[in-house]
Amino acid sequence: MYTLGINAAYHDSSAALVKDGRIVAAAEEERFSHVKHGKRPVPFTAYELPFHAIDYCLKEAGIELADVDHIGYSYDPYLLRSKESPSDTIDLPLVPSQHDPEQPGASPWDPLFIAYIINAPRQLVDGVPHHLQARFRGAVPDQTFQWHYLEHHLAHEASAYLAAPFERCAVLTMDGRGEQATTSYGIFRDGAYTRLGQVNMPHSLGLLYERVTSHLGFLHSSDEYKVMALASYGQPRYVEVFRRIVSLGDEGQYRVAEANLTELFGPARTRAAAIEQRHFDIARSLQMVLEETVLQIIRWLAQASGERNLAMAGGVALNCVMNARLRDSGEFENIWVQPAAGDSGTSLGAALYIDYALRAARHHQPMEHAFLGPQFTDDEIEAFLRWSKLSYRKLDNIAQEVADILAADKVIGWFQGRMEFGPRALGARSILASPVHSEMQARLNEIKDREDFRPVAPVVLEEEAANWFVNGGKSPFMLFVYDVAADKAERIPAVRHTDGTARIQTINREQHPLYYDLIRAFQERTGVPVLVNTSFNTRGEPIVCTPRDAIESYWTSPLDALVIGSFLLTKTEV
């Protein structure tokens, strides 16, 4: 049984394909369209489906859309329907903005938004781009496939508990918003999921973080991770202000009060303006209150569920500083975060949930890695290099020869195997460098045209993690920070953030043999089993997907070399 999952309602459009409990493929639309996050999360873009990501998933399985049995869409528009108009007919005002919304947190544009989503099954088969039509022909809604709308937070929850390495666990999801829920929590036990409760609009930790992101001059629903990094440079000067905005209730509930950020914190920063100390302090104060609030939620959840394992998803769960505080609290013995925790992961959650619900033999397969995207053979890569009339050479021993280049302080683009699913580059589409000189962090930010305050992250051999990072454990998805060991800080200064932490990725050989062998070879030369690993892209661009993407990014940035498959491209002698 093939089950296709689609996320398209807000942002980070994506698709995932599951066959009988096994994840076949998953990818974000941005990697194919070159539009960051696929699209902006506004009602006018809800009609845009991830056609390229769907096409890739079908191609990976060697099937067509007509071969798919079930399609899950990670949003249920019927949860937003008016109580006065419960039928399938939608009253769509010609001028939506002249109509007041019926419920708190609703938008006057909701009728247009809902109309697009309800028409998604027809749009999928009728609106496919011309160059992709071959794999979409012959598909008919309710005939060749059955369409399922899935509540947004249920898709988040399923992406966590059905991919986590636990047979039973508590589950917590937090994001900006779904149809009504902004936070949800429950228990996965004895093969079934039970939701214990939820927080509804307009109360949302995710939307508060988004609003502050905008106030600080960054792009909301995109740049929240910059605010998290900014927080390390600040003091909690405004923490009491945020504590008045966010108030905790019982049983995992909280409220977020209306607040005029300009009155509280002064004028909003414009994008090009300098970052002042008050901006650092706002970010630090917000981050502290986020951590305090979620910590109280998981304390209640640990007691209410009686579970010792926690699985998390939702965009807020990408906050690796918060995740580390939850881990260190000891409320749960193990915390696992979905690597595509944001909205892109809801396509996977929708597919997994429907597949699991409809199969007679109920089992789920833990997600050991996130390498679920496109890959290219050496023949395909070399054909493109030749067609492009580029000079290159084939490497005899990739790990050993590239380790020499990295040990010489060169910065390389690294393009190997299947692309990662989710926002983190994990060694398939990465920029790699040596961490042994502090100047490398600034150099990489210059190469990628990033803000100076942004840290870069390390990848470390799994068996060496505890030797280089305090209590360093298995962390394959870069979703937790760890303190750099005091006796190692001077050896890897490039990856040590201003607060002494690093957001680590651990790697073992089963997850990605060549990547592991490269780090091992670098260790043989330098004594350091760590590399800088940052995403292979430049500012405003998604992570590269194809050989063309990699070569364009390489030649339009000051990278020293590109290692693509078995081939090496250089601009100067290395």
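Here are three short exercises, with worked solutions, on a predicted model.

**Exercise 1.** Find H153: which helix holds it, and is H153 buried or exposed?

*Solution.* Start with the helix: H153 sits in α5, which covers residues 152–161. Next, look up the relative accessible area of H153, which is 0%. Buried means under 20%, so H153 counts as buried. Now look at what surrounds this side chain. Leaving out residues up to four places away in sequence, H153 touches T173, M174, D175, G178, A181, T182, T183, S184 and R195. With one of these, T173, the side chain of H153 makes a polar contact of 2.8 Å.

**Exercise 2.** Explore the largest nonpolar core: which residues have the most contacts inside it, and which helix gives the most to it?

*Solution.* First, the count: this core has 151 residues. Inside it, L172 and M312 have the most contacts. Helix α10, residues 277–305, gives the most to this core, with twelve residues. Another core, of 41 residues, lies apart from it and includes L17, A27, I117 and M419. As a general background, nonpolar side chains tend to be buried together in soluble globular proteins.

**Exercise 3.** Follow M312 to helix α11: which residues of α11 are buried, and what follows the helix?

*Solution.* Begin with the neighbours of M312 that are more than four places away in sequence: they include L172, M322, N323 and L326. Then turn to α11, residues 320–329, where C320, M322, N323, A324 and L326 are buried. Finally, step past the end of the helix: G330 follows α11, and its phi is positive, near 80°.

Key
Residues are numbered from 1 along each chain as its sequence is written. This is a predicted model: local features need pLDDT of at least 70, side-chain atom pairs count only at pLDDT 80 or more; totals for chains, interfaces and linings use all residues. Side-chain values use heavy atoms; hydrogens and water are left out. Helices (H or I, at least four residues) and strands (E, at least two) are DSSP runs, numbered from the N terminus. Buried means under 20% relative accessible area, exposed over 50%, partly exposed in between (1.4 Å probe, protein chains only). A polar contact is a pair of N or O atoms within 3.5 Å; within protein, one must be able to donate a hydrogen and the other to accept it, and residues adjacent in sequence count only if both atoms are side-chain atoms. Contact means heavy atoms within 4.5 Å. A nonpolar core is a set of buried Ala, Val, Leu, Ile, Met, Phe, Trp, Tyr and Cys residues joined through side-chain atoms within 4.5 Å.
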